[in-house]
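User: I'm new to this one. Could you take me through the sheet and the helices that sit on it?

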Amino acid sequence: MDAQLFKAGDRVAIGASGGKDSTVLAYVMKVLNERYQYGLELFLLSIDEGITGYRDDSLETVKRNKEQYQMPLKILSYEELYGWTMDAVVAQIGKKNNCTFCGVFRRQALDRGAMSLGVDHIVTGHNADDIAETVLMNIMRGDIARLGRCTAICTQGEDTIKRSKPFKYAYEKEIVMYAYFKKLDYFSTECIYSPDAYRGHARAFLKDLEAARPSAIIDIIHSGEAFEVREEVKAGQKAQQTCVRCGYMSSNAVCKACVLLEGLERGRPKAEIGD
Ligand SMILES: Nc1ncnc2c1ncn2[C@@H]1O[C@H](COP(=O)(O)OP(=O)(O)OP(=O)(O)O)[C@@H](O)[C@H]1O
């Protein structure tokens with residue numbers, strides 16, 4: 001409420017993975033929108049990363065949510081946007097850094113999906129545990145510019161689509177309980193390619209901290225919010241321009257997705273290129 005995230009008439013896309021957080025988010029947004037007549041137009045936006053045995057199943061859940069919540073659903077795939085599924089990326093590079101590819105691709109895919117839906121705001125189901133993990137990861141990586149912005153409930157650059165995390169203070173446990181008691185239809189399997197991700201270490205560490213001190217998660221978020229990032233560190237962020245390859249907004253001449261794609265194409269056996 002305090003964050004004033006929405007105003008009447010807003011067209012809002014809910015990043016829908018079929019998992020508990022985004023399913024609860026879609027449900028709560030629908031209930032509140034109807035109960036308090038917020039006047040929002042809500043859409044489900046799903047990105048199909050092309051992960052067999054994981055995303056194909058969770059997308060079936062989102063398709064059911066579409067009927068249950070009576071919301072239009074748009075699905076966009078990495079294959080149609082980039083010519084690569086995550087199955088193909090992992091076959092090429094292995095499981096070690098694949099989450100980096102997936103994260104960069106998803107961010108751009110959500111923006112492209114939002115543009116095609118004509119929405120100006122994307123909400124995601126990131127919860128308090130996710131945010132605390134991200135704070136820890138940014139500290140561990142020394143990524144101070146990101147540390148300064150990762151706790152914001154809402155981010156928007158000059159040319160970028162507004163993004164919000166309405167559940168930034170909701171614990172994962174609360175969301176699971178809510179989904180359970182409301183008998184919501186969600187998909188609860190972890191991504192098959194994420195076990196080796198760096199985030200997993202932050203998650204395990206956070207769980208240990210929480211077991212020793214239950215307020216650890218909210219304390220880490222508050223610490224992240226209280227950091228003051230020096231202007232010269234913030235200044236490291238470059239102005240937005242347009243990627244010379246794909247036309248997507250970027251802080252460099254070539255966007256991150258195109259850089260990653262170029263590496264993939266170069267490392268890919270010749271016979272497979274262009275399939
Ligand atoms: N494939 C996707 N399509 C659309 N949105 C996504 C997708 N993957 C993640 N998101 C968005 O990003 C948020 C955080 O992603 P995360 O990887 O933690 O999700 P998850 O564990 O798969 O599912 P959830 O967070 O919904 O329980 C999700 O809540 C959702 O809003």
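Analyst: Here is a walk through the sheet, with a short stop at the ligand and at model confidence.

First, some ground rules: residues are numbered from 1 along each chain as its sequence is written. This is a predicted model, so local features need pLDDT of at least 70 and side-chain atom pairs count only at pLDDT 80 or more, while totals for chains, interfaces and linings use all residues.

The sheet is open and has six strands, in the order E3-E2-E1-E4-E6-E5, with mixed pairing. Strands (E, at least two residues) and helices (H or I, at least four) are DSSP runs, numbered from the N terminus. Two strands pair if DSSP finds at least two bridges between them. Strand E3 (73–77) and strand E5 (154–155) are the edges, each pairing on one side only.

Start with E3's neighbour: E2 and E3 pair in the parallel sense over five bridges, and Leu45 stands opposite Lys74 in E3. Helix H2 (residues 55–69) lies across both E2 and E3, at about 165° to E2. Angles run from 0 to 180 degrees between N-to-C directions, with axes fitted to C-alpha atoms, for helices over the stretch in contact. Contact here puts C-beta atoms, placed from the backbone, within 7 Å. Together E2, H2 and E3 make a right-handed β-α-β unit: with the strands pointing away from you, the path from the first strand over the helix to the second runs clockwise.

Further along, strands E4 (residues 121–123) and E6 (residues 162–164) run parallel, joined by three bridges; His121 stands opposite Lys162 in E6. H1 packs on the sheet too, touching strand E1 (11–15), E2 and E4, and its direction makes about 155° with that of E1.

Helix H1 (20–35) and strand E2 (41–48) also each supply at least two residues of the shell around the ligand. That shell holds 15 residues, with Gly15, Gly19, Asp21, Ser22 and Gly125 the closest; being near means a C-beta atom, placed from the backbone, within 6 Å.

How far to trust it? The protein chain averages a pLDDT of 91, and 93% of the residues score at least 70; pLDDT is the predictor's confidence in each residue, from 0 to 100.

Key. Two residues are in contact if their C-beta atoms, placed from the backbone, lie within 7 Å.
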